[in-house]
Amino acid sequence: MILGVDIGNSNIVVSVIDTATDAVLVQHRIESTHLTTEACRTALSRILRSAPAALDGSIIASVVPALSDMVGNVLHDFIGQAPLVVSVETRSRLRFPPFRNITVGADLIVAAAAAIDRFPLPAVLVDLGTATTVMAVDAARFLRGGAILPGVHVSGTALVDATALLPNVPLTPPGHVIGQSTEECIQIGLLYGAAAAIDGLVTRMEEELGTSATVVATGGFSSLIVPLCRRAMILEPNLLPIGLSILYKNESV
């Protein structure tokens, strides 16, 4: 049993994972914005007390470098050993093209590791969080690359901040795409617009891959956006904890 920690721009998702089955036993979210060491220590202490058994170790995937050391040090204090930290050097079945010239986020490595283990390839992985990422893994397990676009909440915040009259709106789909009010028009643009963007990117990526792909969606906004997509896709909210478990076991062999 391990602690898997996914450090994102808005939240830290902490999961107690049974490595025998990759099942998430307990999961908590900590707001990562303005997180202090003391607040981190208090939150992780509470989470560790909820674990049903002693932990064998921990693993971190982080896209916020400033928080990586803080969380890692607290975990070391509590568990008694340094956490594994996911990077391109982490042992996995994922392959990188020799011409790769982009920085690969730890969250993408983790999601790809889970997809390779659980789903038919090629696969297109959609992670709907602070940013929305759409990444392609081909049949030979190469991370081919993908697209990054603003997440639903980021898009809404930018729209309000950059305009004089457009308001914040609840992220509730109206059920139609011809808006009858300003609020509905914004909701449609944010929600159905995100769904349409994902549908379009998946179709274009399949054209470049030369074949159809398994589409897997995860992330905090996935349960909101996936039902609005026309393209069939698998909703797996625990894709990253599954990947963290797989990578931890790979490194422990």
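Which residues does S58 touch, not counting residues up to four places away in sequence? Keep that in mind while you open this predicted model.

**Stop 1: S58.** Select S58, in strand β4. Its contacts beyond four places in sequence are L3, L75, I79, P83, L84 and Y248. Colour by accessibility next. S58 counts as buried because its relative accessibility is 2%, and the cut-off for buried is under 20%.

**Stop 2: the largest nonpolar core.** Stay with β4 (57-62), and add α3 (106-118), β6 (123-128), β7 (131-137) and α7 (239-252). Each of these elements supplies at least two residues of the largest nonpolar core. That core has 31 residues. α3 gives the most, with 10 residues. Now pick out V86 and L125, the residues with the most contacts inside this core.

**Stop 3: V86.** Show the neighbours of V86. Leaving aside residues up to four places away in sequence, V86 touches I59, I60, A61, A106, I109, V110, L244 and L247. Apart from this core lies another, of 27 residues. Select V124, I186, Y192 and L228, which are among its members.

**Stop 4: α3 against α7.** Hide everything but these two helices. Their axes come within 7 Å and cross at roughly 85°. α3 is therefore roughly perpendicular to α7. On the α3 side, select D107, I109, V110, A111, A113, A114, A115, D117 and R118. They meet L239, L240, I242, G243, L244, I246 and L247 in α7. Colour this contact by residue class: 12 nonpolar, 1 polar and 3 charged.

Definitions and conventions. Residues numbered from 1 in each chain as written. Predicted model: local features only at pLDDT ≥ 70, side-chain atom pairs only at ≥ 80, totals over all residues. Heavy atoms only, no water. Core = buried A, V, L, I, M, F, W, Y, C linked by side-chain atoms within 4.5 Å. Buried < 20%, exposed > 50% of the residue type's maximum accessible area, 1.4 Å probe, protein only. Helix = DSSP H or I, 4+ residues; strand = E, 2+ residues; numbered from the N terminus. Contact = heavy atoms within 4.5 Å. Axes fitted to C-alpha atoms, helices over the stretch in contact; angles between N-to-C directions. Parallel < 35°, antiparallel > 145°, perpendicular 65-115°, else oblique. Nonpolar A, V, L, I, M, F, W, Y, C, P; charged D, E, K, R; others polar.
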